[in-house]
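Me: Got a minute to walk through a structure with me? I'd like to start with one helix and go from there.

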Amino acid sequence: MDSTSIATTPHELESSGLPHAHDHPAFMRHHFEDIGQQREAASFGMWVFLLTEIMFFGGLFCAYLILRNWYHPAFVAGSNTLNIALGTTNTAVLIGSSFTMAMAVYSAEMRRKGQLILFLTLTILLGFVFIGIKGVEWTTEYQEQHVPGINFSIQEFVHPTNPKAIPLAPDMAEKTQLYFFLYFAMTGMHALHMIIGISLLFFMVWRASRGAYTAGHVIPVENFGLYWHFVDIVWIFLFPLLYLISRYR
Amino acid sequence: MTEKNISTHQDAEVHVVKPPVYFAIFFALLVLTALTTGISFIDLGVFNAVIALAIACLKASLVVLFFMHIHYSSRLLKLTVAAGLFTFMLLISLTMTDYISRAWGMF
């Protein structure tokens, strides 16, 4: 046993006498000391990626914060056109999908293949329900002429048909486009993350059906779970900011 | 391969979170969602936004701590998450100090 193999072989194997004994599982990389260290490194890497995602969405949240303060009446009027019932339903759906994803990680830990496939499939279904409800909302906004750059009309904000809504001056009503621009940018980016996530889930169901994650190698499921929960957290903040806080201002 | 090294890695041993914990967090998140929607229908002035964001922060903390296992993770991961949030808050604060103070002295 030369010095290189001693340095790269887990210590419990040192006395085995075999040259470069492969007693460790195939998924464990040689540059890690043990499985725990490999999982720690994988989680750390995933979290660093998620921090860059926080900064990415954070820029949009910061723009929302500043512009909402500048054009407060426009943002309130824009926000009040959204459907709170659909927004709340979607929040519950997304929290449900986070729960099924967490259970998928548990199933992989317990090495239960059928249960893992079941929970990954449920996560896909709930993801599609979320995108579907979002699609219904976007369609409504298109029909109400609230899509900046494609079809936008300030009519509803200058001469509201709802007697309780406060009419805006035309120059302030123009600023509702900023609200809807940020609304579509933020919900659109969030939906794009979900579509990427759903695509990865299809791939993972296929890999799981071949037993890839139920023989001890749970890192891919766990790291995907972190991504999925992160997307859930983004929506947890989008929901009150876009739908709720302007109701009584 | 010192003893010290080995014990360090055992600290990073994976803690498998049990389904009852996930159920409890799922239930708490649904209750908080219902609560934040309910409160938005009551006129509380500026506190509508404060309470909605406080509930959102609470929900996000539950997700990070339990669904994302940070409560059971090593200090390295806890510090990573904290460093990210700190940097984000720092960038937001610096940007806001600029926007808040731009008009100072112009009235």
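**Helix, core and interface**

Reply: Sure, and keep in mind that this is a predicted model. Helix α5 of chain A (residues 113–143) has 31 residues, which at 1.5 Å a residue should span 45 Å, and its end C-alpha atoms are indeed 45 Å apart, so the two agree.

Me: Which residues of α5(A) are buried?

Reply: A:Leu116, A:Phe119, A:Leu120, A:Thr123, A:Leu126, A:Gly127, A:Phe130 and A:Lys134.

Me: That spacing looks regular. Why would it?

Reply: An α-helix has 3.6 residues a turn, so residues three or four places apart point the same way.

Me: What do the buried residues of α5(A) pack against?

Reply: They pack against α4 (84–109) and α8 (176–209) of chain A. Setting aside neighbours within four places in sequence, A:Ala104 is in contact with A:Leu116, A:Phe119, A:Leu120 and A:Thr123, and also with A:Val221 and A:Gly225.

Me: OK, new topic. How many residues are in the largest nonpolar core?

Reply: It has 72, and A:Ala102, A:Ala104, A:Val105 and A:Val221 have the most contacts inside it. Elements giving two or more residues to this core include α5 and α9 (219–244) of chain A, along with α2 and α3 of chain B. The top contributor is α9(A), with 16 residues.

Me: And where chain B meets chain A, how many residues are in contact?

Reply: 40 residues of chain B contact 39 of chain A. On chain B's side, α4(B) gives the most, ten residues.

Me: What's that side like by class?

Reply: On the side of chain B that touches chain A, 26 residues are nonpolar, eleven polar and three charged.

How values were computed:
Residues numbered from 1 in each chain as written. Chains lettered and ligands numbered in written order. Predicted model: local features only at pLDDT ≥ 70, side-chain atom pairs only at ≥ 80, totals over all residues. Contact = placed C-beta atoms within 7 Å. Helix = DSSP H or I, 4+ residues; strand = E, 2+ residues; numbered from the N terminus. Nonpolar A, V, L, I, M, F, W, Y, C, P; charged D, E, K, R; others polar. Expected span 1.5 Å × (residues − 1). Buried ≥ 20, exposed ≤ 12 C-beta atoms within 10 Å, placed from the backbone. Core = buried A, V, L, I, M, F, W, Y, C linked by C-beta atoms within 7 Å.
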